[in-house]
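Q: Got a minute to go through this one with me? I'd like to start with the charged pairs and then see what sits inside.

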Amino acid sequence: MSDYRRLWHAGGIYFFTVNLLQRHENNLLIRHINVLRNVVGQARKRHPFRIHGWVVLPDHLHCVIELPPGDADFAMRWRLIKMGFSKALPKLERLSTVRAKRGERGIWQRRYWEHLIRNEADYRAHMDYVHINPVKHGLVERVADWPYSTFHRWVARGVYPSDWAGGAEDTLNYED
């Protein structure tokens with residue numbers, strides 16, 4: 001088994017990519033977007049975190065979140081989110097023998113990609129990546145057309161122009 005090394009930093013800002021197990025032709029996340037939103041909200045009540053950026057695509061999601069000072073346990077938050085989402089859905093997926101023996105669902109990939117944000121340039125790059133992702137995957141032509149994103153919140157705050165990704169990327173102001 002691989003030795004996965006995580007960088008645990010209390011109060012850190014992290015970028016995550018979390019994937020469904022069956023990615024191709026799977027729109028489970030947007031089909032059950034309200035379930036996902038509810039589960040994320042419940043996880044935030046139990047173990048707070050601040051959402052800087054979030055985008056939900058049909059088969060995966062990306063986010064930039066900030067943990068509270070003194071708290072580095074992002075794994076607990078993802079466990080709650082993945083478990084809560086899985087429990088809220090009917091058991092219709094096919095299970096591998098290994099997953100069935102472990103009592104697991106066949107919804108999420110076991111692991112996720114995590115990256116500790118190191119500086120302002122890193123933060124901006126990952127926030128832009130989160131928001132451009134629906135365009136990158138060919139789901140929409142304009143970032144503003146994707147409804148499952150914090151992009152709209154940042155437009156309302158004046159950080160992104162509504163027609164972002166058309167050349168104004170260098171003038172963004174992420175200050176809250």
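Q: What kind of link joins the side chains of Glu-120 and Arg-124?
A: A salt bridge, at 3.1 Å from N to O. Keep in mind that this is a predicted model.

Q: Where do Glu-120 and Arg-124 lie?
A: Both are in helix α5, which covers residues 120-136. They're 4 residues apart, about one turn of the helix.

Q: And how accessible is Glu-120?
A: Glu-120 counts as partly exposed, at 39% relative accessibility. Arg-124 is partly exposed too, at 27%.

Q: OK, how many salt bridges does the structure hold?
A: There are 5. One of them pairs Asp-59 with Arg-23, with 3.4 Å from N to O.

Q: Which parts does the pair of Asp-59 and Arg-23 tie together?
A: Two loops. Asp-59 lies in the loop between β2 (50-56) and β3 (60-66), and Arg-23 in the one between β1 (13-19) and α1 (28-31), so the bridge connects parts that are 36 residues apart in sequence.

Q: Is Asp-59 buried or exposed?
A: Buried, because its relative accessibility is 14% and the cut-off for buried is under 20%. Its partner Arg-23 is partly exposed, with 27%.

Q: Any other bridge worth a look?
A: Try Asp-145 and Arg-142, whose side chains meet at 3.0 Å, N to O. Asp-145 is partly exposed at 40% relative accessibility, and Arg-142 is partly exposed at 46%.

Q: Switching to histidines: where is His-131 found?
A: In helix α5. His-131 counts as buried, with 0% relative accessibility.

Q: Which side chain does His-131 join in a polar contact?
A: That of Thr-150, at 2.8 Å.

Q: What else is His-131 in contact with, leaving aside neighbours within four places in sequence?
A: Besides Thr-150, there's Gly-53, Val-143, Ser-149, Phe-151, Trp-154, Tyr-160 and Trp-164.

Q: Phe-151 caught my eye there. What's the place of Phe-151?
A: Helix α6, residues 151-156. Phe-151 is buried, at 1% relative accessibility.

Q: And which residues is Phe-151 in contact with, again skipping neighbours within four places in sequence?
A: His-131, Val-143, Ala-144, Tyr-160, Pro-161, Ser-162 and Trp-164.

Q: How far is the C-alpha of Phe-151 from that of Asp-128?
A: They're separated by 9.2 Å, and the two residues are 23 apart along the chain.

Q: Now the greasy bits. Which residues touch the most other members in the largest nonpolar core?
A: Phe-16, Leu-36, Trp-54, Leu-61, Trp-78 and Ile-81, out of 30 residues in that core.

Q: Which elements each supply at least two residues of this core?
A: β1, α1, α2 (33-46), β2, β3 and α3 (74-88). The largest share, 6 residues, comes from α3.

Q: Say more about Ile-81. What is Ile-81 in contact with, leaving aside neighbours within four places in sequence?
A: Leu-36, Val-39, Val-40, Ala-43, Phe-49 and Trp-54.

Q: How many residues are in the other core, the one that lies apart from it?
A: That core has 17 residues, among them Phe-15, Val-55, Phe-151 and Val-159. So our buried Phe-151 turns up again, as a member of that second core.

Terms used: Residues numbered from 1 in each chain as written. Predicted model: local features only at pLDDT ≥ 70, side-chain atom pairs only at ≥ 80, totals over all residues. Heavy atoms only, no water. Salt bridge = Lys/Arg side-chain N within 4 Å of Asp/Glu carboxyl O. Buried < 20%, exposed > 50% of the residue type's maximum accessible area, 1.4 Å probe, protein only. Polar contact = N/O pair within 3.5 Å; in protein donor to acceptor, adjacent residues only side chain to side chain. Contact = heavy atoms within 4.5 Å. Core = buried A, V, L, I, M, F, W, Y, C linked by side-chain atoms within 4.5 Å.
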